[in-house]
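Me: I'd like to learn how to read domain contacts and salt bridges in a model like this one. Can you walk me through it?

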Amino acid sequence: MSDAVRITGSTLARGLLLIGIQLNSASLVFTIAVLPVTAKVGAKAMLVFLFIYHSLGSIRHLVWDSRYALTLKGVYTSGYAVLTETVLDSLYLATI
Amino acid sequence: MSLNKAYTLGLAAARPALKYNLAAANVAAARSLKTSAAANMAVPNESAKPPLNKTFQIYRWNPDKPTEKPTLQSYTVDLNSCGPMILDALLKIKNEMDPTLTFRRSCREGICGSCAMNIEGGNTLACIAKIDRNTSKPSKIYPLPHMYIVKDLVPDLTHFYKQYKSIEPYLKQKNAPTDGRENLQTISDRKKLDGLYECILCACCSTSCPSYWWNQDEYLGPAVLMQAYRWMADSRDQFGRERRERLQNPFSIYRCHTIMNCAKTCPKGLNPGKAIAQIKKDMAFE
């Protein structure tokens, strides 16, 4: 799980960097806005899922650095909490 | 003169051959290669239960033939005539089937740390790992992951021991104890060492850590770091600050990314990850 936090971080960084370089042309923005709704929501859902997973996973790391939840039980509980929270938050944010 | 003759000729004329009057069968047994200890041991009642055959797939590699790749060799053991732990099965295989199978073992009770190996994907001690009685799946036994292998299931722990030596795992003081004789310690200070001193240095945790796999040379690993903390946390030790100073580099401790495989796999139930987090916090606030 912790490994996936690292992977989502690098994927997001690289992906958003590439998109960010290209997004200064108004025509590109116009091209994306015209796409069907399902494609937009789908793309947003993927992006949001990675982002939220990375954010919540990092909070979990900060919790560990403050020496909370460092037992086996704590690791599993916080892990499941991050997973369920990611699913819920990304479902909500993808539909905005 | 005649008695001497009897001795030299090996005749049992004047004295009985054996001190105790044993039955003929036992005499025959004693004269063969069986020792009396083995002959007096209990015989398992083989006919009572049908054989419960379990397959073990064990990693084999022979340094005498180094060009041959390591292989998984299968052995079948009747669990009804074998002890409950993996070490019992390994010893049964070595005694009865394949004497060339090589592994470390000593105490058979989970306190010496010799028999640490990877059983069914997790690092534990073979002497306290129960055999899975489900005979439909083979049991996979590998040596500790990402370690150089001396032979079969025996890892080369030289570097691990060197790393342990490097943290100076002994009491270091600047001032002699106040009453000149005993290093006094309160009960609450002694409680801080619970969960740290029980480490048997079996290397299960360090070899389960992916960070230790990739940076074995420089990263000290959870086992060694937990012992480093054990000495920092000891109220009788006065070199805590210097011990932390030694870890102030990117590798010795900061390769730990809180993966927590160490706590998951410790066969003694200890938590090295927590100890390492404690060291990091102490180093940050010093």
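Reply: We'll go through the domains first and the charged pairs after that. This is a predicted model, in which local features need pLDDT of at least 70 and side-chain atom pairs count only at pLDDT 80 or more, while totals for chains, interfaces and linings use all residues. Residues are numbered from 1 along each chain as its sequence is written, chains are lettered from A and ligands numbered from 1 in the order in which they are written, and side-chain values use heavy atoms, leaving out hydrogens and water.

Me: Which domains does the assignment give for chain B?

Reply: Domain bounds come from an automatic or database domain assignment. For chain B you get domain 1 (53–154) and domain 2 (157–171 + 187–283). Their centres, taken over C-alpha atoms, are 28 Å apart.

Me: How much area do domain 1 and domain 2 of chain B bury between them?

Reply: The size of an interface is often given as the accessible area lost when the parts come together. Here that's about 1,200 Å², with 62% of it on carbon and sulfur atoms (1.4 Å probe, summed over both parts). On the domain 1 side of chain B, Asn123(B), His146(B) and Met147(B) supply 43% of the area buried against domain 2, more than any other three residues.

Me: How many salt bridges are counted between domain 1 and domain 2 of chain B?

Reply: Side chains of opposite charge can pair when their charged atoms come close. The cut-off is a side-chain nitrogen of Lys or Arg within 4 Å of a carboxyl oxygen of Asp or Glu. Between these two domains of chain B the count is zero, whereas the whole structure has 14 over all chains.

Me: Are the partners Arg243(B) and Asp237(B) buried or exposed?

Reply: Buried means under 20% relative accessible area, exposed over 50%, and partly exposed in between (1.4 Å probe, protein chains only). Arg243(B) is buried at 7%, and Asp237(B) is buried at 8%. Their side chains meet in a salt bridge at 2.8 Å, N to O. Lys172(B), buried at 17%, touches both of them, along with Gln238(B) and Phe239(B) (contact being heavy atoms within 4.5 Å), not counting residues up to four places away in sequence.

Me: What about Arg244(B) and Glu286(B)?

Reply: Those side chains meet in a salt bridge at 2.6 Å, N to O. Arg244(B) lies in helix α9 (residues 240–246) and Glu286(B) in the segment after α11 (272–284) of chain B, so the pair ties together parts that are 42 residues apart in sequence. Helices here are DSSP runs (H or I, at least four residues), numbered from the N terminus. Arg244(B) is buried at 13%, but Glu286(B) is partly exposed at 39%.

How values were computed
Buried area = accessible area lost by both parts, 1.4 Å probe. Helix = DSSP H or I, 4+ residues; strand = E, 2+ residues; numbered from the N terminus.
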